[in-house]
Amino acid sequence: MTSIPSSAQGILKAKKVLENVIETTPLKLNEQLSDEFGAKILLKREDLQVVRSYKIRGAYNFMSQLNAAQKKQGVVCSSAGNHAQGFAMSCSLLKIRGTVFMPVTTPKQKVSAVERLGKKYVEIILSGDTYDDAKNAALKFTQKENKIFVSPFDHKLIIEGQGTVAAEILEQIGKKKIDYIFVPIGGGGLAAGIITYFKEFSPSTKIIGVEPQGAPAMLESMKKNKVITLDKIDSFVDGAAVKQVGYQTLPICKRGLEDIVLVPEGKVCTKILQLYNNDAIVVEPAGVLSIAALDFYKEQIKGKTVVCIVSGGNNDIERMPDIKERSLIYEGLKHYFIIKFPQRSGALRMFVNKVLGEHDDITLFEYTKKNSKESGPALVGIEQKNRADYEALLARMKKYKVDYIPIQENPMLFNFLI
């Protein structure tokens, strides 16, 4: 792995390399967000890229600069999503044989997208249950078969390729000043590229990194001033949920980031739904991180010009019910209980008529009657209109002596039952 630092000139060179390969994605004012925050909010729409994410920028820049002998060796990557698609398309365009390692749990449509983009040049190997399993298998395969490994983020040429997003932003904004730019962080390649370019050509811009709360690998590594590996992560924001950031990206991010915001996964879900309902924009969880972080900076960005990078739009429609559920729970509008109903006539009717509020809706009811017991437990899901309605519901449960356990307070029980 090269130790030559990334540079703004390297990013400009990468921009030339990518000229006829990628889209120059729009930088568009979002009126809804601008009105909400009292600021000028511009979205850099990498979800409209050729492969619906920025990842092709780094993969193609790296692979295009391999020499003839290296190209003949063949290339390898590990990914369950956007990097695999950028890698596959690059293999096809450059006519390089590539092998993609993906977890066995990867949704079929993502595997199909890689097959479609890579055409005859890419072989897919499903290995292990997690990304880390697939990565370990890919690295062993690379060494054994003497191939070239294409990192998703931790290489000078990858960083410079991804940094072309920054070059486009400053070209599109012209002479106007950008006060803040919010950048999603997984391994840190995009953030490192943005920092490298902005520090030379727009040094007054404050660069805010954004990580999912359940996978704060960059924040923890910056605290310890070394690359650390998280023991466990919440993989829901799959495009940004990594256990370990890059050895090259960490020092750049530590030097150039103003702050890192951790966004709860539930808030990510709320923003996905809002962006779809308000603007008909379909984004993946990692793609909306930068927008979700605005709520944490609402005072600082008032009256400012702000850019949010929408990093990707490869969202599986089958995830939408889960996204809606997580959003409702995070917003305090959906609650789950185990309730012990007395085994007598009218017990459920009393609960519906007396305990539930006017706008409370039962969305789940699973009841197991035990004839030898005086009461039977039921799993009950309740959706409400307002967050404040929850306390009133609990007060009525107490008044009518309802025997209940709120299971959202017990993550293990909640994950087992829901």
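Q: Two strands pair if DSSP finds at least two bridges between them, so what makes β7 and β10 a pair?
A: β7 and β10 share 3 bridges, running in the parallel sense, so the rule of at least two is met. One spot to look at is F182, which stands opposite C308 in β10.

Q: How do you know what sort of model this is, and how its residues are counted?
A: It's a predicted model, in which local features need pLDDT of at least 70 and side-chain atom pairs count only at pLDDT 80 or more, while totals for chains, interfaces and linings use all residues. Residues are numbered from 1 along each chain as its sequence is written, and side-chain values use heavy atoms, with hydrogens and water left out.

Q: What makes residues 40-45 and 305-310 count as paired strands β2 and β10?
A: Start with the names: strands (E, at least two residues) and helices (H or I, at least four) are DSSP runs, numbered from the N terminus. Between β2 and β10 there are 6 bridges in the parallel sense, so the pairing rule is satisfied. Along the pair, L42 stands opposite V307, and R45 faces V310.

Q: Which strands make up the open sheet, and why are β1 and β9 at its edges?
A: The order is β1-β2-β10-β7-β8-β9, 6 strands with mixed pairing. β1 (27-29) and β9 (259-263) each have a single partner strand, so one side of each has no neighbour in the sheet. From one strand to the next, the twist averages 25°.

Q: How do you know that α9 packs on the sheet?
A: Contact means heavy atoms within 4.5 Å, and α9 (residues 164-173) touches β1, β2, β7 (180-184) and β10. Its direction makes about 135° with that of β2; such angles run from 0 to 180 degrees between N-to-C directions, with axes fitted as lines to C-alpha atoms, for helices over the stretch in contact.

Q: Why is α9 called largely enclosed?
A: Buried means under 20% relative accessible area, exposed over 50%, and partly exposed in between (1.4 Å probe, protein chains only). In α9, 8 of the 10 residues are buried, so the rest of the structure largely encloses this helix. Among them are V165, I169 and I173. Just after α9, G174 takes a positive phi of about 70°.

Q: What about β10: why is that strand called largely enclosed?
A: For β10 the count is 6 of the 6 residues buried, so this strand is largely enclosed too. In a regular strand the side chains alternate between the two faces of the sheet. In β10, T305, V307 and I309 are buried on one side, and V306, C308 and V310 on the other.

Q: What makes a group of residues a nonpolar core, and how many residues has the largest one?
A: A core is a set of buried Ala, Val, Leu, Ile, Met, Phe, Trp, Tyr and Cys residues joined through side-chain atoms within 4.5 Å. The largest has 40 residues, and those with the most contacts inside it are I169, I181, I194 and F198. The largest share, 7 residues, comes from α10. As for I181, its contacts beyond four places in sequence include I169, I194, F198 and V307.

Q: Why is the F337 and Y404 pair called edge-to-face?
A: Rings of Phe, Tyr and Trp (its six-membered ring) pair if their centres lie within 6.5 Å; planes under 30 degrees apart are stacked, over 60 edge-to-face, and the rest tilted. F337 and Y404 sit 5.7 Å centre to centre with 85° between the planes, so edge-to-face is the right label. F337 lies in β11 (residues 334-342) and Y404 in β14 (residues 403-406), so the pair ties together parts 67 residues apart in sequence.

Q: How do you know whether F337 and Y404 are buried or partly exposed?
A: F337 has a relative accessible area of 0%, so it's buried. Y404 comes in at 26%, so it counts as partly exposed.

Q: What makes F341 and F365 a pair, and which label fits?
A: Their rings are 5.8 Å apart, centre to centre, with 45° between the planes, so this pair is tilted. F341, F351, F365 and Y367 form one aromatic cluster.

Q: What makes R326 count as sitting over the ring of F236?
A: NZ of Lys or CZ of Arg must be within 6 Å of the ring centre and within 35 degrees of the ring normal. The charged end of R326 is 4.1 Å from the centre of the F236 ring, and R319 lies over the face of F236 as well, at 4.7 Å.
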